[in-house]
Amino acid sequence: MIKIYYPQFPFKIKEEEGGKEFIFDELRKLWVRLTPEEWVRQNFIRYLVDVKKYPSAYIAVERKIKLGEVNKRFDLLVFDKAAKPWMMVECKAPQIALNKVVLWQVIHYNLAMPVKFLVIINGEQCFGYQKGTVDFDAISMLPAYGE
C-alpha cells in the first residue's frame, strides 16, 4: 500500500437548492457535484500537484475512452512530458473496498489507453502498479513525474 499525506487546500465548496454540495475543480475550471468519490479525486489531484509536483496541465480529469463499443470514463490520466498517457488513476469513495474488481476495472481501461502506471485509491488506501514485461507489478510509492 502507498501512504498518501494529503495537503491542506482551500477547496471552494458551495451549496445549492436542495442541499446539494458542489466543489470547484481547479483543473477543469468548473463546479462539480461533491460526492464521496469526487472528494477523493479532488484531494488526490492536490496531492499529485502540490506534493508530488506533477504538472497540472498534464492531468486529464474524467474523460471518455472507448472500450470496444462501450463508452467509459477514466478518473485521472497523467501524461508524460511527450504528452503520451503515462499513469491512470481510478478513484473510489472511501467505503468502496479496493479489491480485484476495482483493479480489473482499471486494467480493462488500460487496454484502451495503455499506460506505464496504474493507481487505485479510495482516499484511505492507495495501491499502485507498474507495467512489467508481462503483467503489472505492485509498487510501494508513486513515481516522480516522468519516471
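Q: What makes β4 and β5 count as paired strands?
A: Two strands pair once at least two bridges are found between them. In this predicted model, β4 and β5 have eight bridges and run in the antiparallel sense, so they pass that cut-off. One of the residues involved is Ala60, whose bridge partner in β5 is Leu77.

Q: How do you know which strands are at the edges of the sheet?
A: Start with the order, which is β4-β5-β6-β7-β8-β9 in an open sheet of six strands with mixed pairing. An edge strand pairs on one side only, and that holds for β4 and for β9 (136-139). As for twist, neighbouring strands here are turned by 35° against each other on average, if you ignore direction.

Q: What lies across this sheet, and at what angle to β5?
A: That's α1, which lies across β4, β5, β6, β7 and β8 and runs at about 30° to β5.

Q: How do you know whether the span of α1 is close to or far from what's expected?
A: Set the two lengths side by side. α1 has 16 residues, and from its first C-alpha to its last it reaches 22 Å. The expected figure, at 1.5 Å a residue, is 22 Å, so the span is close to expectation.

Q: Which residues of α1 are called buried, and what does the word require?
A: Buried means under 20% relative accessible area. The residues of α1 that qualify are Glu38, Val40, Arg41, Gln42, Asn43, Phe44, Ile45, Arg46, Tyr47, Leu48 and Val49.

Q: Where do the residues of the largest nonpolar core come from?
A: This core has 24 residues, and Phe44, Leu48, Tyr54, Leu76, Met87 and Leu142 are those with the most contacts inside it. At least two residues each come from α1 (36-51), β4 (59-67), β5 (70-79), β6 (85-91) and β7 (117-121). The biggest giver is α1, with six residues.

Q: What is Met87 in contact with, beyond its neighbours in sequence?
A: Contact calls for heavy atoms within 4.5 Å. Leaving out neighbours within four places, Met87 has such contacts with Tyr54, Leu76, Leu77, Val78, Val115, Phe117, Val119, Leu142 and Pro143. There's also a second, separate core of 17 residues, and Met88, Val106, Tyr109 and Val115 are among them.

Q: Why is Lys53 called exposed?
A: The word takes over 50% relative accessible area. Lys53 has 60%, so it's exposed. You'll find Lys53 in the loop between α1 and β4.

Q: What makes the phi of Lys53 worth a second look?
A: Most residues other than glycine have a negative phi. Lys53 isn't a glycine, yet its phi is positive, at about 65°. Glu62 is another case, with a positive phi near 45° in a residue other than glycine.

Q: Where is Glu62, and why is it called partly exposed?
A: Glu62 is in strand β4. Its relative accessible area is 25%, and partly exposed is the label between the 20% and 50% cut-offs, so the label fits.

Q: What about Gln130: why is it partly exposed too?
A: Gln130 has a relative accessible area of 29%, so it also falls between those two cut-offs. It sits in strand β8 (residues 126-131). Not counting residues up to four places away, Gln130 touches Lys116, Phe117, Asp135, Phe136, Asp137 and Ile139.

Q: Why is the pair of Tyr58 and Tyr145 called tilted?
A: Planes under 30 degrees apart would be stacked and those over 60 edge-to-face, with the rest tilted. Here the planes are at 55° and the ring centres 6.2 Å apart, so the pair is tilted. Tyr58 is in the loop between α1 and β4, Tyr145 is in the segment after β9, and 87 residues separate them.

Q: How do you know what type of pair Trp86 and Tyr145 form?
A: The angle decides, and edge-to-face takes over 60 degrees. These rings are 5.5 Å apart centre to centre with 70° between the planes, so the pair is edge-to-face.

Q: Are Trp86 and Tyr145 buried or exposed?
A: Trp86 is buried, at 4%, and Tyr145 is buried, at 15%. Buried means under 20%, so each value passes.

Q: What do the ring pairs build?
A: They link Tyr54, Tyr58, Trp86, Phe117 and Tyr145 into a cluster. In total, the structure holds nine aromatic pairs.

Methods: Residues numbered from 1 in each chain as written. Predicted model: local features only at pLDDT ≥ 70, side-chain atom pairs only at ≥ 80, totals over all residues. Heavy atoms only, no water. Core = buried A, V, L, I, M, F, W, Y, C linked by side-chain atoms within 4.5 Å. Buried < 20%, exposed > 50% of the residue type's maximum accessible area, 1.4 Å probe, protein only. Helix = DSSP H or I, 4+ residues; strand = E, 2+ residues; numbered from the N terminus. Axes fitted to C-alpha atoms, helices over the stretch in contact; angles between N-to-C directions. Phe/Tyr/Trp six-rings, centres within 6.5 Å; stacked < 30°, edge-to-face > 60°.
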